Each structure stands twice: as C-alpha cells, then as structure tokens.
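Work through the exercises below with the sequence and the model open beside you. Each task sentence is followed by a solution that goes step by step.

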Amino acid sequence: MKLFFCGGAGGVGASCYLVKIDGKNILMDCGIRLSSSKDTLPDFRLIQENGGIDAIVVSHAHTDHTGALPAISRQYPNALIYMTHMSKALTRVLLYDSLKIMEREAEIPIYAENHVREMLDRTVCYSPNFSFKPFNDTDIGVTFYSAGHIAGAASIYITGSKGTLFYSGDFSGFRQNSIEGASIPKLRPDVALFESTYGDKLHANREIEEQRLIDSVNEAIDRKGKVLIPAFALGRAQEIILILKKAINKKRLSKCPIYVDGMVKDICRVYKLYPNYLRRDLTKKVFRGTEIFYDDNVVPVEKPELRKEIAESKTPSVIIASSGMLTGGPSQWYAEQISQDEKNLIAITGYQDEESPGRNLMKFIESINDDGEKLNRTIKLGEREINVKCEVGKYGLSAHADKVEILNLANNLYPRRIFLVHGNPEVIHVLGKEIQKDINGQIYVPLNGEQHEISIRKPRKQRCKKVYPCMGRKDILNQENIEELWNFVETNIGTSVALSIEDLGGIWGYQQDTEEIKDVLNNSPYFEPDRRRMFLYHAVEKSEIEKLSAPKVMEVNEMLGLVDQFFGPESGLYKKGARFDEKIALLYFNFPDIARARYNDKITEFEANTGWQVEINQNINTSAIDEVVYSLFPSNMIISKISYMPQTRKVKITAEGELDNGKKLSNQFKEITGLDLVINDEDEIEPALLSEQNKKQMEQNQALRYIDEVFSTLPHRPYKKSVKVASSGVKYIELTFISKTIGEKYSDVINEVEQETGYPIAVSDSCNQIEIINIAKRLMNEKGIASKKNPSIFLDIMSVQVVLAQDIDDSMREEMVSRFSEMTGLNLELK
Ligand SMILES: [Zn+2]
Ligand SMILES: [Zn+2]
C-alpha cells in the first residue's frame, strides 16, 4: 500500500489523499483551501506522476473535501466518484454556489459549469454500512460509515488483499440536533487516517454551550436588540435553527422572529430530501410530512429587499445567515448593520480562519473581558472598514471530534499505523503525543507532497459480518430486562461468541445509543468483555452467573488442598472427601469425637474460608486403636488381644507383664482416643456384651451364609466377604460393598449380624470400581444419553465424572445424580 498526501496534511483545507492498493489508485476527497493566501488546489502533480486515478471516494460535502472535484474529475473522466446520496445532493448545491462566486469575483475559474455537471454524472451513491466493489478486476471493497459531523458525512473503509485502510473524514461522536453521532463499528484497519481539527481540546459540554447561546440571545432580545449568527451554510446553520426552535418550544427563549438567509436555505431544502441521513426524530417528522426547520417564527428570507426591512425594524429578531466567517454572503451585509448598535449581538459559532473578519471580531470578546470597555473596534468587512459597537460572543458548537473522541476511535480500531491529518501542526503534535501513549503503533504526521510506502507483512483478518437472530424488542435495554437478552444469546448464539455492542443492540432490536448499551452491559453480571478484545462481549456461562448469585464457594480441589493445611498429621485425619451438591467436606479422623472437640475453632475457620460445610465421619478408625495401644504400652508387656466394643466405647486389652501406672496410661489413652481402656479385667465387660462374647461363634461358612441371607432382601449386598485375622489375633469378617459409603448405610444390620454370628464385622475401604463405572454407563444407556468418553472415577473425592455429548435438562440431571448416589454411594458429576 502506498499513500500520497496531496492536500489536507499539516493543516486544514484541500483534503486530498491518494492510496495505491492492489494495483489501483483511489483518491480520497479532493477539496480546496478557503484562505486565499495559499494555493487553492491540492497537489495534482503528485497524482499525475504516480499513475493518475482509478476511482474517487468522498467523505462529505464540505468544500475543503469536495471543492476541487470538478477540476480533478475532468482530468480523469474514467474514474467514477463514490459518496453518500446526501453528500451528492449537498455537493451539487455547494459547487453551483462556488460557480456563482467565481463568476462574480472574476477569479480565474478552476472549472466551469459543464465540469460540475459531468462530474456529478459520474458520481455513484451508496448508503452507509453497505460494502461495494468499485472495480470488476479486483476484490477491493469500500464501505461508508456514518461519521456524524454533517448530514451524509462518512468515514471510509477500504479493504484490499494486502491490507485495509480507514479514513475518518471529518467526524463527531456526539449526537447533534440535526444528525446522529458517528456510528463506526469495530473495524480492523492496518492503516488509519484521522482528522485532528480539535485534537488538542476537550469540547465544553455541548448543552452548556447551547444554553450560553440561548442566554445571550435572550439578553439581547430583552434589551430590544437584534442578534446575528453568521453560520456555515452546511451543518452549523441547521444546528442553530434547531437549537433556537427547541428553546422557544421549551419556553427557555422569548418568542421572536428568526430569519434564515443565504445558502443556508438551499441546504435546509436538501436536508429534507434525504431524511434517512438526519437524526431519527427528524427522519420520522419528515416522513410524516412535518416541516422541521421553519414555522411561524422561523422564516426563510426569500426576497433580498426584505433584508433592509429586517435590519431597520424596531422589533428584536435573530438572523441566521451564511457565510460563517463573514467572508461573503448575506451575513457580511447583516454584520455591517447589526454591528452599529450596542444593543445588538453578533454570535460566532464556528471555526474562523486566521485572516477572516470573523476571527478579527473575536478579538473584541477578549478586550471586553480585559478592559471592560469597547474601544477602537474596527474590522475590515470586505473592502470596508467598520466600527463595531455591538456585543460579540463566541459559542463552542463544533461538529468535529475532540481529543477524547479521537482517542476513543483510535483505541477501538487499534490501527498499526496512524496518519494524523486535517489539523494545524501544533494541534497534531499534541494529539499525536496522546495517541502514542495509548496505542502500540506507529503515529505519522505527514506533510503535503509526501508519499509513504507501507509494507504490511500480515494484514489483519477482517471480522466476517454475521447475521444474528433478532429479538425485535420495542423497548430500551436496561438492567431489568438484560437477563432476557442474555437468555436469548445463550440459547441461540452461545456463550463463546464475542459480540460487539452494535451486534447486541441489533439482536435486542430497539434502536438505542451504543454508549447507553455499553453502560448496561458493563454494569450487569450477564455479559463480560472478551479477554483480548475488550470492546467485544460474551454472554456469561450459566454456571458462572449462578455462582455469582450464590455465596462464594471454593473450587473443590482447592478446598481439599486446604484441608491438609488446617488439619496436620497430629489431628489423626486419615481421609478426606466431598459431597459436591451439598458443598460438604467429608473429614475422616481416627477419633472423631476427640477431633471435633479439639478442632472446633479450626473447623469454623475452615468453613468460613472455603464456603464448604464440614461433616466428620462418625466411625472410629479401629486400626488406629492398635497403634495407640502399642505406642503407650511399655515394650516389656506382651499384648495378646485388643478388642474394641463400640456399644460401650471401650477397648479391652489382654496383656501379660507388669504395668506400673495403669491409671495414668488409661488417662493418656482416653485423651488421645476418647475411649476407655480396660486392661485384663473381665468384670469390666458389661453383662450383655459378655454373654455375646461368650456365645459360641458360628461356624465360619454358616456365618457367611447367614450374611447372604440377611442381605438377600436388601437393596445392596456385599459382593465380597472374607474372614480375616486382625493383628490382635481376633478373627473378623470383612464385607466389601460397592463402596464403603453404601456399606456404612447398613451399620444397624451389621451390628445385628455381629451379634448373631459372634464375629466382629468390618466394612472394607475398597470400592468395586468396575461395577460403579458400569452403573454410570447403564444409567446413560437407559436415558439414551451419549457421553464423549468413558466415565472417570475419582476416589479421593468419591465422585464419577461424565462428559456429556449433549445438553440435558435439569430435572433429568437431578434424577440421574440421585439414582447414582443411591446405587453406588458416589457422586455423579455430569459435564
Ligand atoms: Zn467538514
Ligand atoms: Zn474538513
């Protein structure tokens, strides 16, 4: 890509930029300079020397962007010209007007009427947001985007195979009285040209400036004075008419005649021809047939002889007339009359060139402030020197973006190379420094006559424009109804798609300010910005939203990790687990009662830290009893039997040898285990238990058959029964259920079996993993649900995980989880 700056660089005026892309030369804008001291035209030689022009695209109708179109177009009659419909209609008015001026002022005309006509014949119109291909033999695409500023103004986006370029044209982000603000989506240009007119300033609050103007007009009218508002015919004048009309309607401005004179009238007429380019409320009015500019109060000055009448009348009035800088047009004539009475006011509302009469008038605003007097106030109006007696005021009603708006646009588009144009060098310098702080790209300040070869190694990928389904809502999106938008996006588009604010606005359906939508999005839990492209938004996952609305609960593995930090080895913790659904942490201590008493505070702290509730397993870890016994008893004693009697919470020891202090040992044992110790004392055993102990043990196989019989009518059966001998020498039966949790459910049955058979019975820690997995698979089959892979089992948390290949509804999910838990004692996690 190659860029040639033929005009509009390093200053305002004669905007004209040539871009060479995919073998085509496209000219963007071709304006003239208004101040007469410099060359009027852009540098056409630069164009000629670099291969001429294949097409021209035009941002908007202001003459600093269009004034030289007839001149360039006659040299390249094969190049078609592209602009919006509104721009074409406005350009026609402006060019015919300059023809009249050229004739009258007898300058050497740079073009003639036929050149204007032919140029307009070669002009093709496209609406904003509509991409078109200007050439048959390349894939170059061009799109206009509404740029605010004046009606029909567009930013231009050119996409080629080796890179893309964005040219802002003149733009303004805020909504004016006559038009909407710029509407530029999140494009991804490699190169961008930004206007910089007011790039060093922050605009005063627009409403405050409008009110200042209204206040000044009110004051002048109250003192029976007249007000002249010189205004640029295109854009500013329409704004002022609407501002004053609105103020009168709202009774903030005294009713007085408002006269509209000069080319302003023609522009007002054209504005109404293309209502789609106006602010939405005006669009509706025009389509309904309502007049938007004139009424009983606001009247166009149709006959020149009326001017004298207006000027000489004693009735206070307001005159809105072009030109804006008093360089010509009826405003110059009015200024001469109005300036002669101190009751009157001349209100400046726009940019004034260095040498313009308007600029000279502005100096008097400061002298009023400085001296409190109105002395020696002469200006040159045309050829005449006049003494200005009236009041002069300046009101900031700019239609150009200020610093923040330009920075915002730069940040949104994030181009790799930025060329700052259409601004004074000092302004561009300040703006460039600001952008440099924000953007990791190259900022250029080109000068007229320069060319820049830009090699783009990897052009940025353009986002494909997707058509999303629309909700067709008729109401404003707000915090109350954003859940409905989220619901719709989550169901129809999904949570992984990054959507722009414009996309989301379109999905909702109601035409609404993007800034307003952005506010709603940023303050709601339902959408979050994309991690890397913060201007795009995702619908938040359902589970995340549920989590947000529930109190904060720690993730399970993190929680389990924290268990060890809270309860070290000295606590006797030998196993941990979790019940997901209830958010319960399961802790297994060797001696649960002791642990509960000793770690009460720690448990409370743990619950507060993790958001999980602690549940302590009730069962004593019998193998830990042996360990404690052996560690406490002196080594010269031979322990022949250790039996634990759960009903009486006693541990009976049969041992040989001398024990010095049995009492002390019992106390220590009680402190560690919470159990009573009985050493070699048959009498200590309770009669009932004694009888049981004495009762003959069943024959081994008979005992196992008895167990089968008892469990035959119950939902779960042990799938393994083994007779074992404890380290203490006691024979016991170990039952293995599908999982220990299931076995523990049958503690009553097991107690009964212990008594009937005379064998102590233990439930094994192990699980039947294969069967558990099979049950999970069977459940899925039964429900006709497919999974992505085989279920995985996590014994540390007693859980089985299944990644589903499809969505299932909540009730089915609940049913499966509860059935699985009934059958296996494990948690089922469906993902
Ligand atoms: Zn402009
Ligand atoms: Zn301009």
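**Exercise 1.** Determine which class of geometry describes the site of the zinc ion (ligand 2) in this predicted model.

Solution. Begin with the ligating atoms: the zinc ion (ligand 2) is coordinated by Asp64 (OD), His65 (NE2), Asp170 (OD) and His422 (NE2), at 2.1 to 2.2 Å. Next take the angles among these four donor atoms, which run from 89 to 164°. Four donors count as tetrahedral if all angles lie between 85 and 135 degrees, and the site of the zinc ion (ligand 2) is classed as irregular.

**Exercise 2.** Describe how the donor residues of the zinc ion (ligand 2) are spaced in sequence, and state whether His65 and His422 are buried or exposed.

Solution. Written as a pattern, the spacing of the donor residues of the zinc ion (ligand 2) is D-H-x104-D-x251-H. Within that pattern, His65 in helix H2 and His422 in the loop between strand E19 (417–421) and helix H14 (425–438) are 357 residues apart, and the pair links distant parts of the chain. As for accessibility, both His65 and His422 are buried.

**Exercise 3.** Carry out the analysis for the zinc ion (ligand 1), and find which residue coordinates both zinc ions.

Solution. The donors of the zinc ion (ligand 1) are His60 (NE2), His62 (ND1), His149 (NE2) and Asp170 (OD), at 2.1 to 2.3 Å. Because the four donor atoms subtend angles of 90 to 166°, the arrangement around the zinc ion (ligand 1) is irregular. The donor residues of the zinc ion (ligand 1) follow the spacing H-x1-H-x86-H-x20-D. His60, in the loop between strand E4 (55–57) and helix H2 (63–66), and Asp170, in the loop between strand E9 (163–167) and strand E10 (191–195), are 110 residues apart, a pair that links distant parts of the chain. His60 counts as buried because its relative accessibility is 0%, and Asp170 counts as buried because its value is 2%. Finally, the zinc ion (ligand 1) and the zinc ion (ligand 2) are 3.4 Å apart, and the residue that coordinates both is Asp170.

**Exercise 4.** Work out how the buried residues of helix H17 are arranged around its axis, and which elements they pack against.

Solution. First identify the buried residues of helix H17 (residues 514–522), namely Ile517, Val520 and Leu521. Viewed down the axis of H17, these buried residues fall within an arc of 100°, so they line one face of the helix. The buried residues of H17 pack against helix H15 (482–492), helix H16 (501–508), strand E23 (527–529) and strand E24 (536–539).

Note on methods. Residues are numbered from 1 along each chain as its sequence is written. Chains are lettered from A and ligands numbered from 1 in the order in which they are written. This is a predicted model: local features need pLDDT of at least 70, side-chain atom pairs count only at pLDDT 80 or more; totals for chains, interfaces and linings use all residues. Side-chain values use heavy atoms; hydrogens and water are left out. Donors are N, O and S atoms within 2.8 Å of the metal (3.2 Å for Na, K and Ca); water is not among the atoms, so sites may look incomplete. Four donors count as tetrahedral if all angles lie between 85 and 135 degrees; four count as square planar and six as octahedral if opposite donors are over 155 degrees apart and all others between 65 and 115; anything else is irregular. Helices (H or I, at least four residues) and strands (E, at least two) are DSSP runs, numbered from the N terminus. Buried means under 20% relative accessible area, exposed over 50%, partly exposed in between (1.4 Å probe, protein chains only). The arc is that of the directions from the helix axis to the C-beta atoms. Contact means heavy atoms within 4.5 Å.
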